Structure formats: C-alpha cells, structure tokens
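User: I should like to go through the classifications made for this model and the grounds for each of them. Please set each value against its criterion.

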Amino acid sequence: MALTTELGRQLQLREVEGLLLQAATVDNWSEIQNFEAKPDDLLICTYPKSGTTWIQEIVDMIEQNGDVEKCQRAIIQHRHPFIEWARPSQTSAWNICSPCNTCITRTFPPDFKGVEKANIMPSPRILRTHLPTQLLPPSFWENNCKFLYVARNAKDCMVSYYHFQRMNQMLPDPGTWEEYFETFINGKVAWGSWYDHVKGWWEIKDRYQILFLFYEDIKRVSKSPSEEPLSGLCFWEGYPEEFKCSNVMLPSPQDPKHEIQKVMQFMGKNLGETVLHKIVQETSFEKMKENPMTNRSTVPKSILDQSISPFMRKGTVGDWKNHFTVAQNERFDEIYRQKMEGTSINFCMEL
Ligand SMILES: Nc1ncnc2c1ncn2[C@@H]1O[C@H](COP(=O)(O)O)[C@@H](OP(=O)(O)O)[C@H]1O
Ligand SMILES: CCc1ccc(OS(=O)(=O)O)cc1
C-alpha cells in the first residue's frame, strides 16, 4: 500500500524489443502475436494521438453508408477492437485507487481483451492498432490485409500526447512540458518513437495494401467555404491571401471530400455525393466533441480525467506553436532532420 498513485502510473509501461508498451499488453504478448488475422480484415493503424478516433468514425460512417443511427450503436472503442489492448489485472500493484490513493482492490468494469473482441467479431472486420510494423502480429502480413495508416506531424502529436498523458490515469504522468519534450523525442512513451513508427509504415507502404493518409490533409479538406459564414470578414485557415475576402462565396481550393473519398475507394465502397457530404459534416471536430459515442464521456474519470484535459481537446493543426519555445523548436527541427534523414515523407506543420 505504500506505493503512490504516481509510482503506480510509472510502472504501467514495460519494454518489448526495446519499445515501451502498456504492462497489460506485455503480459498478453504471445496471445497478441498469435492473433489470427483474416484476408478481409481492415486494420486502422496510427501512432497515438494522430487522429485515430477521427478516422475510425470516418471508416464506420462509410461502412454504415452514412447512417448516423448505426454509428451510434456503440462507443467507438467497442466498434473496432484495439488488438493490443488488455485491461490491467485487477490485483496488480499499480491498480491503486486514484480517489483514495491506498486501495489496491478497486475493480475496473469487466472488459474483453482486444484480441478476444476481434475473435468473436463477424467478418469483414475493422480493427485498430498503435503497433509499429515490426511488432504487428505476423498473420496480418501473411494474409495481405488492408492497412489504413494515418500520420500526424510530430510537433502536434507531441502536444496532444502530453495533454493525453496528463489526463490518462493509465499512462505515466508526463511531468512538465520541458520534461515531456525530452521523453517524447527519446521515444520513451507508450508505443515508442514517433519517428520510427512513421518511418516504418511509410517505408513499406508500396509493398502491401496500405492507404497512407495525413491528419493535416483530412483537416484541410474537411472545411468547405460553403460551411463558413457568408457575412463579415472570412479568415479561412489555409487560404492564400488573395482568397481572404468579405461577403462572398469562394471555390474550395480542394474537394472537401477528397480524403474521405480515398478511404471509401480503399474500402471498396461507392457512396454518392450527398452521403459523402454528410460524412464530412458528421465527422467534424465540433460534432465529434459533442457525440458521447466518440468523446470518451462514458469512460470513468478514474481512467480518463477530462477535467484535466478533454479527450477532444483542440483538433487543430499548429497548436505546437502555443507550446514550443523558439529554442525547443530549433532543437526539435535539428533532431527531426537527423532522425528523418533519407525518408521522402513530408509533413505539413500548419494550415
Ligand atoms: N473530428 C476530428 N477532427 C480533428 N481532430 C480530431 C477529431 N477527432 C479527434 N481529433 C483529435 O485527434 C487527437 C486524438 O487522436 P487519437 O484519437 O489518435 O487519440 C486529438 O487532438 P488534440 O489533442 O490536438 O486536440 C483530438 O482532438
Ligand atoms: C493505453 C492507454 C489508454 C489509451 C486509451 C484509453 O482510452 S480510450 O481507449 O482512448 O478511450 C485508455 C488508456
């Protein structure tokens, strides 16, 4: 009982092949590695905080042909099994009750492991993971499954992960922003280094059935001028100066449904313009923040404390500018250049 909640939080990560994962995941590692993928599985893959929930909702809306009611059937965490997810064992030392700070017998609501959920799910299955390529259960490669990878620029990812670790009682306390900056660039966070994760998936994208998307592209195209107020000055993010104007309707620089259309085609679906437009609207940050099936409001405060930071926090591109000092930005850019040397991947850091 002498363990503090803080120490309990630090104990929650352990290494597999040099990469930090949740202890409960490591405890179930052989079961996860032996997971049997099927040829018609679609696996949603992301580094944490890259827009997983967003792409899950987009994929589900496509799968359900734009039927909002059907997407309300369950919380998003239950719709697409998280294959490496396992609830920590209830008597583990780190299951210390956060309100009383002493009790270790507190029970979590029953939950199936990700692999168990996937095993009882009818095909075609849509699953999700944060695993890097080298730790993915081999059956996904053997069965030539489809992978949908979403990448987000490292700076915004770091900021989002920092706030997530502040509010997620199942992950280590991030410490100060300065401390977390070091932790993140050294890859000492759950699911490891952002650089290795993104590079790993990018490098194999042409060898397998991988649709590789960027958070920033989905964000950019998810905003259409027709949804903007028609009066007053318009300062649309991402628009060149000459497009900023007052009281007029302007053409969109890109089809707002472009990225969603790519996902639809990848999934082998064919939905009309009206349905695509509905999907764009229903998966906006504002809608998803209010939606109890996506905003994590059903997760107990003892796990996700949204009074510290909401799960649907900002949903923007470029929030890093509100966190990085000039010195941190320069240091980050230099480290980024070294770590990403030789890759052709390009990220947009602001819209
Ligand atoms: N519909 C949406 N549009 C834009 N961003 C979204 C979104 N839904 C979730 N997000 C953002 O995606 C991040 C969470 O990613 P994940 O689902 O992988 O955990 C959060 O970023 P921020 O913390 O920057 O706001 C969250 O706000
Ligand atoms: C593995 C730590 C973790 C991650 C996400 C959680 O909540 S949710 O699945 O995003 O609702 C909880 C714990």
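User: In which helix does Asn119 lie?

Analyst: The model is a predicted one. Asn119 lies in helix α7, which spans residues 114-119.

User: What does Asn119 touch, leaving aside residues up to four places away in sequence?

Analyst: Asn119 touches Phe35 and Arg125. Contact here requires heavy atoms within 4.5 Å. As for Gln281, which is 162 residues from Asn119 along the chain, the two C-alpha atoms are separated by 33 Å.

User: Why is Glu259 called buried?

Analyst: Glu259 has a relative accessible area of 3%, and buried means under 20%. The value of 3% falls under that limit, so Glu259 is classed as buried. Glu259 is found in helix α13, residues 258-266.

User: What makes the pairing of the Glu259 and His258 side chains a polar contact?

Analyst: The two side chains are 3.1 Å apart at this contact, and the cut-off for a pair of N or O atoms is 3.5 Å. Residues adjacent in sequence count only if both atoms are side-chain atoms; here the contact runs from the side chain of Glu259 to the side chain of His258. The pair is therefore accepted as a polar contact.

User: Why is Glu179 called partly exposed?

Analyst: The relative accessibility of Glu179 is 46%. Partly exposed covers the range between the buried limit of 20% and the exposed limit of 50%, so Glu179 counts as partly exposed. Glu179 has its place in helix α10, residues 177-185, and its side chain reaches the backbone nitrogen of Thr176 at 2.9 Å.

User: Which residues touch the most other members of the largest nonpolar core?

Analyst: They are Ile55, Phe140, Phe147, Tyr161, Trp194 and Trp201, in a core of 98 residues. Helix α9 (residues 154-167) gives the most to this core, with 8 residues. Membership requires buried residues of the listed nonpolar kinds, joined through side-chain atoms within 4.5 Å. Phe140 touches, among others, Phe35, Ile83, Leu127 and Phe147, not counting residues up to four places away in sequence.

User: How do you know that Thr283 and Phe285 make polar contacts with ligand 1?

Analyst: A backbone N or O atom of Thr283 lies 2.9 Å from a nitrogen atom of ligand 1, and a backbone N or O atom of Phe285 lies 3.4 Å from a nitrogen atom of ligand 1. Both distances are within the 3.5 Å limit, so both pairs qualify. The protein covers 97% of the 570 Å² of accessible area that ligand 1 has on its own.

User: What surrounds ligand 1?

Analyst: Ligand 1 is surrounded by 18 residues, the closest being Thr52, Thr53, Ser160, Tyr215 and Lys314. The shell divides into 6 nonpolar, 8 polar and 4 charged residues. Helix α4 gives the most to the shell, with 3 residues.

User: What makes Gln77 and Arg296 polar partners of ligand 2?

Analyst: A polar side-chain atom of Gln77 lies 3.2 Å from an oxygen atom of ligand 2, and an N or O atom in the side chain of Arg296 is 2.5 Å from an oxygen atom of that ligand. Each value is within 3.5 Å, so each pair meets the criterion. The protein covers 91% of the 340 Å² of accessible area that ligand 2 has on its own. The shell around ligand 2 divides into 8 nonpolar, 3 polar and 2 charged residues.

Terms used
Residues numbered from 1 in each chain as written. Chains lettered and ligands numbered in written order. Predicted model: local features only at pLDDT ≥ 70, side-chain atom pairs only at ≥ 80, totals over all residues. Heavy atoms only, no water. Helix = DSSP H or I, 4+ residues; strand = E, 2+ residues; numbered from the N terminus. Buried < 20%, exposed > 50% of the residue type's maximum accessible area, 1.4 Å probe, protein only. Polar contact = N/O pair within 3.5 Å; in protein donor to acceptor, adjacent residues only side chain to side chain. Areas by Shrake-Rupley, 256 points an atom, 1.4 Å probe, with all protein chains shown as cover. Nonpolar A, V, L, I, M, F, W, Y, C, P; charged D, E, K, R; others polar. Near = heavy atom within 4 Å.
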